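Okay, everyone, thanks for coming. Let me put the structure up on the screen, and then we'll walk through it together.

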Amino acid sequence: MTDPSRVALLADPPPPGAEPGQWWPPQVLLPSWLEAHANGIDLVHLHFGLESYSPEELSAAVATMRRLGLPLVYTVHDLENPQLETQEAHRAALDVVIGAADQLISLTPTVDAEVRRVFHRATTVLPHPTLLAEEAPTGTARRVTRIGVHLRDLRPNIDGVGTTATLVRAIADLRAQGAHVEGVVRMNEKVRDADAAASIELLVADTEGVAVERGPRLGDAELSAWLADLDACLLPYRHGTQSGWAELCYDLAVPVVGTRVGHMAAQHPGDYHAFAVGDPLSLERAIIDAIAPAWSTPGSPRRAVEVARRRDERREELDAVRDAHVALYRRALAAKDAA
């Protein structure tokens, strides 16, 4: 997201004994780490990882930054934490970090409005930039409309059972009306809720038009290819704020059908078609609306044209987002110097 010619972004320090690639719990929020590295950094930009620490520990980290003269920038990704069942601890963490941050960033005007209403702080609204570093796949042409939902590892904010039950009923109704449509439900091999996974497989067993896929966690290129083969992607959230999947689907010109939670619909409103878990009719309507644009069809020339158009649009947007981050960092540093 940042411009390497203007901003030196340090890698997340790995926790002692962590597996390769693991950044949590974020070591940057440890007072001892801040003390040891204060001379090598100008500011701290926090995105995720609040659940790793108590409000008291976060307050200690903020106090250390203040004493060391390190501004704090926080991007408000999660007003509700997707990794947690209940939100009381996360809200307490937000009270500390949002209250203390020198600069706040949000991804949509609706999140900015909620932060202003709840926390009485203003944010700088910057859109989430593209998630694609390479050329985007455009999917494989097929004769049947394909609606996919990826439940991943069934983390707490994913309603795998409810979403699958609604999809099975909606696909059955659409097929009974003569639609050439199928659904695919994908899960990782390793999931957090084995009972829910078993229930999902039972819901799909012996149904026509819906299948379950189980496999290893998909890499970035594999996930993009899987999504590109869909006419629409179903998001199965029971709670949350924003969605990186909505951003990736936008890059790939894959329409999104999602639940009415958080601020996901505000990310790309023209591509977001809402439904309610437990209401198959609402899902049927959302699917019909989602697949109406000609560019929704995988492997079609219209999809390829739309992907290319969005790629150009998002590259320009990325430059603007980088410029905005640099300007925001400079404001934070100038305020520190003036204090």
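So, strand β1, residues 44-46, pairs with β2 in the parallel sense, and the pairing runs over three bridges. Keep in mind as we go that this is a predicted model. If you want one pair to look for, take H45: its bridge partner in β2 is V73. How does the chain get from one strand to the other? Helix α2, residues 55-68, sits between them in the chain, and β1, α2 and β2 together make a right-handed β-α-β unit.

Now stay on β2, which covers residues 72-75. In a regular strand, side chains alternate between the two faces of the sheet. You can follow that here: L72 and Y74 are on one side, V73 and T75 are on the other. Are they buried or exposed? All four are buried, so both faces of β2 are covered.

Next neighbour, β3. β2 and β3 also pair in the parallel sense, over three bridges. V73, which we just met, stands opposite Q103 in β3, and Y74 has L104 as its bridge partner. To cross from β2 to β3 the chain goes through helix α3, residues 88-100, and this β-α-β crossover is right-handed.

β3 itself, residues 103-106, has Q103 and I105 pointing one way and L104 and S106 the other, and all of them are buried.

One more strand in this run: β4, residues 124-125, pairs with β3 in the parallel sense, over two bridges. Look for S106, which stands opposite V125 in β4. The route from β3 to β4 passes through helix α4, residues 109-119, and that β-α-β crossover is right-handed.

Okay, cysteines. How many disulfides does a search of the whole structure find? Zero. Why no bond for C233? Because its closest cysteine sulfur, in C249, is 4.0 Å away, which is too far, and a disulfide needs the sulfurs within 2.5 Å. C249, likewise, is in no disulfide. Both side chains are tucked away from solvent by the numbers: C233 counts as buried at 1% relative accessibility, and C249 is buried with a relative accessible area of 0%.

Let's move to a pocket. The second largest pocket has about 170 Å³ of space. Which element gives the largest share of its lining? That's helix α10, residues 301-338, with six residues. The full lining includes T130, E134, D251, R310 and R314. By class, you get five nonpolar residues, one polar and six charged.

Last stop, some backbone details. The peptide bond from W24 to P25 is cis, with omega near -5°, and P25 is found in the segment before α1.

Then there are two positive phi values in residues other than glycine. H120 has a phi of about 60°, and its place is in the loop between α4 and β4. R152 has a phi near 55°, and R152 is found in the loop between β5 and α5. Which of them is exposed, and which is buried? H120 is exposed, with a relative accessible area of 65%, whereas R152 counts as buried at 16%, because the cut-off for buried is under 20%.

That's my tour. Feel free to spin the model around and find these spots yourselves.

Technical notes. Residues are numbered from 1 along each chain as its sequence is written. This is a predicted model: local features need pLDDT of at least 70, side-chain atom pairs count only at pLDDT 80 or more; totals for chains, interfaces and linings use all residues. Side-chain values use heavy atoms; hydrogens and water are left out. Buried means under 20% relative accessible area, exposed over 50%, partly exposed in between (1.4 Å probe, protein chains only). Two strands pair if DSSP finds at least two bridges between them. A crossover is right-handed if, with the strands pointing away from the viewer, the path from the first strand over the helix to the second runs clockwise. On a 1 Å grid over the protein atoms alone, a cavity is a set of points where a 1.4 Å probe fits but cannot get out, and a pocket is an open set with protein on both sides within 12 Å along at least five of seven lines; lining residues have an atom within 4 Å of a point. Grid points are joined across faces, edges and corners, and a volume is the space filled by probe spheres set on the points. Ala, Val, Leu, Ile, Met, Phe, Trp, Tyr, Cys and Pro count as nonpolar, Asp, Glu, Lys and Arg as charged, and the others, Gly among them, as polar.
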